[in-house]
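Please look through the sequence and the model below before reading on. The report that follows takes up charges, cysteines, salt bridges and a few individual residues in turn.

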Amino acid sequence: MMVTMVTRYLKIKLQFCQQIQTWNHLRKRYSTKSGDLVFVSLSNDIFMNLAFEDWLYENKNVKAKSILLMWKNKPTVVIGRHQNPYLECDVWKIAKNNLSLARRKSGGGAVYHDEGNINCSFIKDRSLYNRYSNLDLVVKALSSRWNVDLSINTREDILLDGFYKVSGTASKLGRNTTYHHFTLIFDVDKDKLFEYLDSPMSTVGVHSKATQSLKSRVKNLSDSIPGVTYDSLVDVIGQQFLQGKKNIDNFRFINPSESQYPGLQKIYNELCDWEWIYGRTPNFSLTRHFVKNLEYYIEHQITINVNIEKGRISKIDIETNFNETYLKMRPLIQEHLIGTRFWLNDLQMSLDTINKESRHFGEIELHSWVVNCLSKVLCV
């Protein structure tokens, strides 16, 4: 009798424990905590918005409440943590037109931002990390308000009409906290997007192991949702995240500043630093071969190989069929280019100096051609 009662007790206890596990699993999968927060940044500075995102990631305890951060930027190009900016976009044109170029702390590919693009960042506890779920939330939010055909592909991009990419995605995972962020283009200037994300080095012999972006056909949400605005997207996505429980306490417009978020300025300065944006570029090399008839129609050949490490020229190898003449220039080239930052003004200054000083050796046409070949390799 006693054995039967004990057996029955253990069986009931086991069933109870299994039910609790099932409830916990369902709660974790489907429920949204009432303490969740939506932050909308009022800044349009990419470095400030990325710094604020990182500050929240580093300082907020998201175990009890998840955070959705949304913002938009003035025209800028953003690359992934492991990418080569020189191969992903037209760095020189970006600089000349006073656009920003930023390197994220997450992976992923290069994107162009302007005020026709909304950025969403889901900052959550690691146990709640689920990229598909975040994307699905946005798809459901937009579909609840507009008649629009949105889907998520296997690469976790949001597609419009089953084909056109309207959102790219990236993430960062820490021990306890994660963020998953992505763009959503609704009225972006596509001409500028293609213009700035077209690298002139794509035609140069490049050797690099950096993460490369995958080219996709893109379309604006406004093509299917006439009149859609940033504010309407912020509202509908925020409402979906908060399950319709939006109020002044959980839906906040923020102008990020050091006084409100101590340590924010330090992160901002790090993200703006040349050494972070360009100095963190994975090592790469450029190689090109040139042939030209000079001096009595004699064919001259030159092969130039340039190695770039940490954003600076580390090595130059040049092979020619006019070695005796080139050997006069070699010390000049090594002196003025080795260690030079791979940056337009720095490279132009070094090449101008080499061109000017090489004139003392005579054979001006030949030496000028060598400098011109160097200029083409460096895309200056």
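In this predicted model, a negative patch on the surface is made up of Asp187, Asp189, Asp191 and Asp223. One member of the patch, Asp189, sits in the loop that runs between β11 (177-185) and α6 (190-196). Its relative accessibility is 33%, so Asp189 is classed as partly exposed, and this value is over the 30% that a residue needs in order to be counted in a patch.

Lys190 belongs to helix α6. With a relative accessible area of 29%, Lys190 is partly exposed. Although Lys190 and Gly116 are 74 residues apart along the chain, their C-alpha atoms are separated by 9.9 Å.

**Cysteines**

How many disulfides does the structure hold? The number is zero. As a reminder, a disulfide is a covalent bond that joins the sulfur atoms of two cysteines. Two cysteines can still be described by how far they are covered: Cys89 has a relative accessible area of 0% and is buried, and Cys379, at 16% relative accessibility, counts as buried too, because the limit for that word is under 20%.

**Salt bridges**

Side chains that carry opposite charges can pair when their charged atoms come close. The count of salt bridges in this model comes to 15, and three of them are set out here with the distance from nitrogen to oxygen.

| Salt bridge | Distance, N to O |
|---|---|
| Glu156 and Arg131 | 2.7 Å |
| Lys140 and Asp136 | 3.1 Å |
| Asp235 and Arg145 | 2.9 Å |

Consider the pair of Glu156 and Arg131, whose side chains meet at 2.7 Å. Glu156 is placed in the loop between β7 (150-152) and β8 (158-160), while Arg131 is in helix α5 (residues 131-145), so this salt bridge ties together parts that are 25 residues apart in sequence.

The pair of Lys140 and Asp136, with 3.1 Å from N to O, has another setting. Both residues are in helix α5 and lie four residues apart, which means that about one helical turn separates them. Lys140 itself is partly exposed, at a relative accessible area of 47%.

In the salt bridge between the side chains of Asp235 and Arg145, the distance is 2.9 Å from N to O. This pair links distant parts of the chain, since Asp235 is in helix α7 (residues 230-241) and Arg145 is in helix α5, 90 residues apart. Arg145 has a relative accessible area of 41% and is therefore partly exposed. Elsewhere, Asp54, Lys105 and Lys172 are joined into one network by salt bridges that share partners.

**Backbone angles**

Which residue in the loop between β7 and β8 has a positive phi although it is not a glycine? The residue is Glu156, with a phi of about 60°, and Glu156 is also the partner of Arg131 in the salt bridge described above. Asp161, which is likewise a residue other than glycine, has a positive phi near 60°. The place of Asp161 is the loop between β8 and β9 (164-167), and its relative accessible area of 36% makes Asp161 partly exposed.

**Two residues in strands**

Is Leu159, a residue of strand β8, buried or exposed? At 12% relative accessibility, Leu159 counts as buried. Along the sequence Leu159 and Val139 are 20 residues apart, and in space the distance from C-alpha to C-alpha is 9.6 Å.

Ile67 is part of strand β2 (residues 67-71). Its relative accessible area is 1%, and Ile67 is therefore described as buried. Between Ile67 and Phe39 there are 7.3 Å from C-alpha to C-alpha, while the two residues are 28 residues apart in sequence.

Technical notes:
Residues numbered from 1 in each chain as written. Predicted model: local features only at pLDDT ≥ 70, side-chain atom pairs only at ≥ 80, totals over all residues. Heavy atoms only, no water. Patch = residues over 30% accessible without salt bridge, like charges linked within 9 Å, V, L, I, M, F, W, Y side chains within 5 Å. Areas by Shrake-Rupley, 256 points an atom, 1.4 Å probe, with all protein chains shown as cover. Salt bridge = Lys/Arg side-chain N within 4 Å of Asp/Glu carboxyl O. Lys, Arg positive; Asp, Glu negative; His and termini not counted. Charge placed at Lys NZ, Arg CZ, Asp CG, Glu CD. Helix = DSSP H or I, 4+ residues; strand = E, 2+ residues; numbered from the N terminus. Buried < 20%, exposed > 50% of the residue type's maximum accessible area, 1.4 Å probe, protein only. Disulfide = S-S within 2.5 Å.
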